[in-house]
Structures are given as C-alpha cells and as structure tokens.
Amino acid sequence: GALVAAFIAGLIKPASLWAAAWNKPAFEARALADALKGIGATDATPSSDILIKAPDLAENGARVQIEVTSKIPGTRTMAIIAEKNPFPLIASFEFDNGAEAFISTYIKMGESANVRAVVNADGKIYTAAKEVRVTIGGCGA
C-alpha cells in the first residue's frame, strides 16, 4: 500500500519500483576511497545539516539501526557508508519531487567504525559521520 501511494504521489518513478540503477564499481569497492570515488564524493563538504541517529555502542554488529535525515534543500541522493566494512558502501537512496530526505534502516557492521552519510543536493556533495562502537559477545571491540 505504501509503495502504491508513493507511486501515485510521484515520489517513486515506475522503473525504481522494480530496480534501481546498479552502481557496480561503488558497491563492489573494497577500499573506502574507491567507494567514495564511485559515488562522486571524493571532495565532500562536511555538513551539520545531515543528522545521523545511530547507537554509540551497538551490542550486535549484525543489526545496527541507522536513521539519516538531510535538512539540505534539494537533496536528491543519500548514501550510507560503514567505513571499515569489507564493502564500505551499504546503501544508496534517491529522492524525487520534494520527498522528505529521511531513511531508517538496519545495517551490518563488521567492527567499530564511522558510519558516514553522503548527500548530493543540487549537484553539491555533503557528508557527516558518527562513530559506532560494536561489541562482540558483550565485550568491547
């Protein structure tokens, strides 16, 4: 029902209901620098208008809840990166027709690291990061 409502409101393009464009080089990048290059974010500007809500301490790295909100006008895309994961680029989202630039999801983290959000708004790239410590079996990592 929510997808149909979003489609009718014009927030989701018909093609995006079935599959988004696959940025294979960025998602398969093993190095943080290569993932950032793949999404065109090598010279991102830090922004306090990107809000990342994530636990300071995650007891289970297999399920870490992340919420990201971009208050930057004209936000078109948002990516989530877990800097020390074997494949750092976790997800990429597109926003259309003034959709609220907010995402809430669960990610997997292999170890303690910065979780980074990268936002493209009106052709400019912005970023923010939050450190998340991951414990393994109740012990600090």
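Where in the chain is the place of Asp 96? Select Asp 96 and follow the backbone on either side: this residue lies in the loop between β6 (89–94) and β7. Keep in mind on this tour that you are looking at a predicted model.

**Stop 1: Asp 96 and its partner**

Stay on Asp 96 and show its side chain. Is Asp 96 buried or exposed? Its relative accessible area is 12%, and anything under 20% counts as buried, so Asp 96 is buried. Now add the side chain of Arg 76: the two side chains make a polar contact at 3.4 Å.

**Stop 2: the whole chain**

Zoom out and colour by secondary structure. You should find four helices and nine strands. Going along the sequence, the pattern is α-α-α-α-β-β-β-β-β-β-β-β-β. The protein has 141 residues, of which 37% count as buried. Among contacts with a separation of 6 or more, 59% are between residues 24 or more positions apart.

Next, colour by confidence. The mean pLDDT of the protein is 86, and 81% of its residues reach 70 or more. Select residues 3–8, where pLDDT stays under 50 and the model has seven contacts beyond four places in sequence. Then select residues 137–141: pLDDT is below 50 here too, and this stretch has six contacts beyond near neighbours in sequence. Where pLDDT is low, the predicted coordinates should not be read in detail.

**Stop 3: a sheet of three strands**

Select β2, β4 and β7. They form an open sheet in the order β2-β4-β7, with antiparallel pairing. The edge strands are β2 (50–53) and β7 (102–107), each of which pairs on one side only. On average, neighbouring strands of this sheet are turned by 15 degrees against each other, direction ignored.

Look at the pairings one by one. Four bridges connect β2 and β4 in the antiparallel sense, and on this side Leu 51 stands opposite Thr 69 in β4. Strand β4 (residues 64–70) pairs with β7 over six bridges, again antiparallel. Here you can pick out Glu 67, which stands opposite Ser 104 in β7.

Now show the side chains of β2. Which of them point to one face and are buried? They are Ile 50 and Ile 52, while Leu 51 and Lys 53 point to the other face and are not buried. This fits a general pattern: in a regular strand the side chains alternate between the two faces of the sheet.

**Stop 4: a hairpin and a well-surrounded isoleucine**

Move to β5 and β6, which form a hairpin with six residues between them. The two strands run antiparallel and are joined by five bridges. To see one of these pairs, select Met 78 and its bridge partner in β6, Phe 93.

Then select Ile 80, in strand β5 (residues 75–82). With a relative accessibility of 1%, Ile 80 counts as buried. Leaving out residues up to four places away in sequence, Ile 80 touches several others, including Ile 66, Val 68, Leu 89, Phe 93 and Ile 103. Val 115 is also one of the residues it touches; although Ile 80 and Val 115 are 35 residues apart along the chain, their C-alpha atoms are separated by 7.1 Å.

**Stop 5: the nonpolar cores**

In soluble globular proteins, nonpolar side chains tend to be buried together. In this model, the largest nonpolar core has 25 residues, and Ile 50, Ile 66, Val 68 and Met 109 touch the most other members. Strands β2, β4, β5, β7, β8 and β9 each supply at least two residues of this core. Which strand gives the largest share? It is β8, with five residues.

Select Met 109 to look around inside. Apart from residues up to four places away in sequence, Met 109 touches Gly 61, Val 64, Ala 82, Asn 85, Val 115, Val 132 and Val 134. There is also a second, separate core of 11 residues, which includes Phe 27, Ala 29, Ala 41 and Ala 79.

**Stop 6: out to Asp 122**

Finish at Asp 122, in the loop between β8 (113–121) and β9 (124–134). Its relative accessibility is 60%, so Asp 122 counts as exposed. Check its backbone as well: phi of Asp 122 is near 55 degrees, a positive value in a residue other than glycine.

Key. Residues numbered from 1 in each chain as written. Predicted model: local features only at pLDDT ≥ 70, side-chain atom pairs only at ≥ 80, totals over all residues. Heavy atoms only, no water. Pairing = 2+ DSSP bridges. Axes fitted to C-alpha atoms, helices over the stretch in contact; angles between N-to-C directions. Buried < 20%, exposed > 50% of the residue type's maximum accessible area, 1.4 Å probe, protein only. Contact = heavy atoms within 4.5 Å. Core = buried A, V, L, I, M, F, W, Y, C linked by side-chain atoms within 4.5 Å. Polar contact = N/O pair within 3.5 Å; in protein donor to acceptor, adjacent residues only side chain to side chain. pLDDT = per-residue confidence, 0-100.
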